[in-house]
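Grab a coffee and work through a few exercises on the protein shown below. Try each task by yourself before you read its solution.

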Amino acid sequence: MPSYITKSRVLSGLRCPKRLWLQTFQRGLAEESATSQLTIAAGIELGKLSRLNYPGGILIGHVAQPEQAVLETSLLLANKNSAPLFEAAFLHDDTLVRTDILVPTHGGWRMVEVKSSGSVKDHHLLDCAVQLLVLENAGMPVQEICVAHVDTGFEYAGTGNYHGLIVEEDVTDKVRALLPDMPAWLAAHRDILAKPMSIVRMGSQCTNPECQFLAHCEKDLPEYPVSILPNARKILDELHDAGIEDVRDIPAGMLQNERHIMVWQATKGNQPFVSPQLKQELAKLPYPRFYLDFETINLAIPRWKGTRPHKQLPFQWSCHVERADRSLEHREFLDTSGNAPMRAFAESLIAALKSDGPIIVYGIFESTVLNQLIRFCPDLEAQLQGIIDRLVDLLPWLRSYYYHPAMKGAWSIKAVLPTVAPHLDYSQLEDVQNGTLAQLAYLEITDPKIVPAIRNQKIRNLLKYCERDTQAMVEVVRFFA
Ligand code: SF4
């Protein structure tokens with residue numbers, strides 16, 4: 001099959017020439033993240049749903065045979081087809097595009113690009129511009145261009161009716177404004193591929209959205225790249241201009257920000273920094289102490305009555321209860337029913353946290369989720385508010401009073417834990433090692449088609465993962481107390 005320029009590759013090349021080169025010549029080095037798996041799955045489901053708005057539409061398949069898809073599209077158009085087209089394929093020079101939805105209008109076509117996000121993003125416009133260029137060069141009169149995205153205000157009534165979930169936003173003028181730049185972009189694309197791989201410095205283009213070659217590129221970084229300095233965009237430019245790539249090579253006096261200095265001193269001296277204030281703050285926490293963590297699911301297409309797209313809905317919690325004699329008790333909840341988990345989650349949580357004592361969390365996530373939970377269980381507002389009022393967040397204390405060189409600029413519980421309790425490393429966990437993988441596991445265990453043995457294993461993995469999060473907090477507090 002010839003190597004075509006596709007719209008996703010043009011976008012890759014615009015973001016990072018190295019990425020485009022690797023995608024074309026070294027695909028085997030790519031590692032698809034759990035986040036992108038979720039995004040792709042949501043995009044496929046939304047694509048199907050959006051087609052329901054165009055009854056009588058014709059789906060052009062041949063996913064793996066683009067030439068066939070181009071041929072079928074041109075035959076349909078030659079025969080004066082007047083039905084909407086799904087996944088129509090067009091080729092101009094060496095650039096191939098597939099258009100999510102094409103709708104006949106009076107004297108032309110409306111092009112609709114479906115996205116699972118809650119709004120139109122800049123890269124959606126670029127995506128549409130590549131398509132527009134190819135379609136117009138293939139002789140298609142495109143009169144209107146829309147991005148169809150999720151309306152985050154949509155509330156699902158639970159009846160199977162998703163009318164109103166997807167809204168179409170007219171982006172014709174914005175996309176047409178990009179068109180004059182397209183020939184230069186395509187020429188740059190060809191140029192990148194005609195030469196050896198470009199040397200590109202890692203930066204914001206690597207993580208937003210996450211690049212599938214991240215792990216590969218990180219291998220070339222120094223042990224402590226200057227990019228680990230938190231919120232350091234301005235100073236990073238200065239460091240790069242001065243040819244400084246490793247934190248340990250930064251000269252004294254160059255950093256002004258307190259946290260940057262903390263990272264630099266600890267890394268250069270290869271010694272952790274611990275402020276005595278951390279111990280003082282932790283000592284004030286009375287017993288019993290409740291260490292709490294949630295797992296949530298974020299669905300682009302709401303599944304349960306009263307829920308909205310892209311809201312974090314809790315399905316699992318773990319809690320370690322520590323008493324004054326240092327004894328520990330573990331409590332947990334995981335909804336495996338596939339039904340709306342919010343009510344059972346709230347009731348089980350209230351029962352587990354009945355007695356007095358601080359509820360220790362890591363970050364503001366649990367507080368945000370509890371506040372949202374009140375909307376689903378207004379009759380439990382007083383009890384849920386009581387839990388919110390007892391929350392104690394460890395993260396700000398750790399951020400201000402602790403840094404270990406091995407944390408490499410991150411203060412997440414997953415970054416801190418190996419520095420205080422290496423035997424509890426998350427990488428030892430099977431299958432579920434982060435929140436996004438927990439979401440994927442939850443979707444699998446609530447899928448009626450899953451094999452029971454696999455389901456049981458995934459349930460065990462989910463329980464172990466969430467338990468590890470609260471156990472980690474216990475270890476962190478004990479280490480510094
Ligand atoms: S990780 Fe960053 S530098 Fe490497 S290919 Fe991806 S975007 Fe480019």
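The exercises below go from the whole chain down to single residues, and the model they use is a predicted one.

**Exercise 1. The overall picture**

Task: Find how many helices and strands the protein has, and what share of its residues is buried.

Solution:
- Step 1: Count the elements; you should get 18 helices and 14 strands.
- Step 2: Turn to burial. Of the 481 residues, 48% are buried.
- Step 3: Check the extent. Along the principal axes, the C-alpha atoms fill a box of roughly 80 × 60 × 40 Å.
- Step 4: Look at how contacts span the chain. Take those between residues at least 6 apart in sequence: 69% of them join residues at least 24 apart.

**Exercise 2. Two helices side by side**

Task: Work out whether helix 13 and helix 14 run roughly parallel or roughly antiparallel to each other.

Solution:
- Step 1: Locate the pair: helix 13 covers residues 365–376 and helix 14 covers residues 381–390.
- Step 2: Get the geometry. The axes lie 10 Å apart, and the packing angle is about 175°.
- Step 3: Apply the cut-off. Angles over 145 degrees count as roughly antiparallel, so that is how helix 13 and helix 14 are arranged.
- Step 4: List who meets whom. Helix 13 brings Leu370, Asn371, Leu373 and Ile374, while helix 14 brings Glu381, Leu384, Gln385, Ile387 and Ile388.
- Step 5: Sort the contact residues of the two helices by type: six are nonpolar, two polar and one charged.

**Exercise 3. Rings, and what sits over them**

Task: Decide whether the aromatic pair of Trp317 and Phe333 is stacked or edge-to-face, then look for charges over rings.

Solution:
- Step 1: Start with the total, which is 10 aromatic pairs.
- Step 2: For Trp317 and Phe333, the centres are 6.4 Å apart and the planes differ by 20°, a stacked pair.
- Step 3: Place both partners. Trp317 belongs to strand 10 (residues 312–322) and Phe333 to strand 11 (residues 328–334), with their positions 16 residues apart in the chain.
- Step 4: Check burial against the cut-off of under 20%. Trp317 has a relative accessible area of 3%, so it is buried; Phe333, at 15%, counts as buried too.
- Step 5: Widen the view: Trp317 and Phe333 form one aromatic cluster with Phe294 and Phe345.
- Step 6: Now the charges. Arg289 has its charged end over the ring of Tyr287, 4.2 Å from the ring centre. Lys408 lies over the face of Tyr224, at 5.4 Å from the centre.

**Exercise 4. What covers helix 12?**

Task: Name the buried residues of helix 12 and elements that cover them.

Solution:
- Step 1: In helix 12 (residues 342–352), the buried ones are Met342, Phe345, Ala346, Ser348, Leu349, Ile350 and Ala352.
- Step 2: The cover includes strand 9 (289–298), strand 10 and strand 11, along with helix 13 and helix 14.

**Exercise 5. Two loop residues**

Task: Are Leu229 and Ser116 buried or exposed, and what do they touch?

Solution:
- Step 1: Leu229 sits in the loop between helix 8 (214–218) and helix 9 (233–241). Its relative accessibility is 3%, so Leu229 counts as buried.
- Step 2: Leaving out residues up to four places away in sequence, Leu229 touches Leu239, Ile250, Leu255, His260 and Val263.
- Step 3: Ser116 is in the loop between strand 5 (108–114) and helix 5 (122–137). With a relative accessible area of 14%, Ser116 is buried.
- Step 4: With sequence neighbours up to four places away set aside, the contacts of Ser116 include Thr39, Ala42, Gly43, Val150 and His310.

Definitions and conventions:
Residues numbered from 1 in each chain as written. Predicted model: local features only at pLDDT ≥ 70, side-chain atom pairs only at ≥ 80, totals over all residues. Heavy atoms only, no water. Axes fitted to C-alpha atoms, helices over the stretch in contact; angles between N-to-C directions. Helix = DSSP H or I, 4+ residues; strand = E, 2+ residues; numbered from the N terminus. Parallel < 35°, antiparallel > 145°, perpendicular 65-115°, else oblique. Contact = heavy atoms within 4.5 Å. Nonpolar A, V, L, I, M, F, W, Y, C, P; charged D, E, K, R; others polar. Phe/Tyr/Trp six-rings, centres within 6.5 Å; stacked < 30°, edge-to-face > 60°. Buried < 20%, exposed > 50% of the residue type's maximum accessible area, 1.4 Å probe, protein only. Lys NZ or Arg CZ within 6 Å of the ring centre and 35° of its normal.
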